[in-house]
Amino acid sequence: RNSTDLPSILLVGCGNSALPRVLHGAFGTPVEITCLDYSKICIDMVRSMYGTYPNMNFVVGCATKLRKTIAQHFDEARRFDVIIDKGLLDALLCNEGFEVDSLMNGVDEVLTSSNWGVHVLVSFPLTTFQQSSLEDMRDLKWQFDVAVEGGENGRGCLNVARRLSSSDSEETVAKRLQA
């Protein structure tokens with residue numbers, strides 16, 4: 001876990017989004033939020049907007065080298081309970097997609113190994129091939145195209161993966177994904 005023992009969220013490719021602020025106030029309990037982007041300008045902007053919020057971290061680094069980037073700023077064994085990607089995968093796919101495997105392997109390495117780990121992927125609709133590639137990630141069970149209010153236009157979709165424990169049955173996983 002993390003040094004504060006709070007539930008932890010990693011935003012990969014955070015840009016200058018308002019999502020850190022929204023997440024910070026979305027729970028009835030404190031959470032630790034780490035904003036990561038390769039652009040120092042974006043991180044400086046996000047830090048200037050949210051730097052006074054408690055338990056908020058700001059990291060300049062490459063999401064396609066996630067384990068190395070996280071290790072440079074935290075303990076080597078650092079893991080996150082939730083990892084959110086809001087558009088980074090789309091950006092990588094626009095650039096021939098060669099770095100997608102590196103990103104997803106890094107997510108797998110820094111997502112908690114406990115069975116509550118969640119990876120949230122907000123993206124354009126994924127192709128069947130892209131979905132099957134994500135399903136190949138070990139110990140993650142994906143639910144694609146989760147219906148969300150306001151998503152009726154079909155331009156964006158929500159995809160959620162949950163970490164599996166070896167004792168999880170398909171029925172247990174299906175119930176957890178519906179939660």
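**Exercise 1. Work out how well strand S1 is covered and where its side chains point.**

Solution. Start with the range: S1 spans residues 8–12, where strands are DSSP runs of E with at least two residues and helices are runs of H or I with at least four, numbered from the N terminus. Next, count the buried residues (buried means under 20% relative accessible area with a 1.4 Å probe, protein chains only): 5 of its 5 residues qualify, and S1 is mostly covered. Then sort by direction: Ser8, Leu10 and Val12 point one way, while Ile9 and Leu11 point the other way. In a regular strand, side chains alternate between the two faces of the sheet.

A word on the input: this is a predicted model, in which local features need pLDDT of at least 70 and side-chain atom pairs count only at pLDDT 80 or more, while totals for chains, interfaces and linings use all residues. Residues are numbered from 1 along each chain as its sequence is written, and side-chain values use heavy atoms, leaving out hydrogens and water.

**Exercise 2. Find the strands that pair with S1, and place them in the sheet.**

Solution. Strands count as paired if DSSP finds at least two bridges between them. On to the partners: S1 pairs with S2 (residues 32–37) in the parallel sense over 5 bridges, and leucine 11 stands opposite cysteine 35 in S2. The chain crosses from S1 to S2 through helix H1 (residues 19–24), a right-handed β-α-β crossover (with the strands pointing away from the viewer, the path from the first strand over the helix to the second runs clockwise). S4 (residues 82–86) also runs parallel to S1, joined by 4 bridges, with leucine 10 opposite isoleucine 83. Finally, zoom out: the open sheet has 7 strands in the order S3-S2-S1-S4-S5-S7-S6, with mixed pairing. Its edge strands are S3 (56–60) and S6 (140–146), each pairing on one side only.

**Exercise 3. Describe how helix H3 packs against helix H5.**

Solution. First the geometry: H3 (residues 66–73) and H5 (residues 100–110) pack at about 45°, with axes 8 Å apart. That makes H3 oblique to H5 (angles under 35 degrees are roughly parallel, over 145 roughly antiparallel, 65 to 115 roughly perpendicular, and the rest oblique). Axes are lines fitted to C-alpha atoms, for helices over the stretch in contact, and angles run from 0 to 180 degrees between N-to-C directions. Now the contacts (heavy atoms within 4.5 Å): Leu66, Arg67 and Ile70 in H3 meet Gly106, Val107, Glu109 and Val110 in H5.

Technical notes. Buried means under 20% relative accessible area, exposed over 50%, partly exposed in between (1.4 Å probe, protein chains only).
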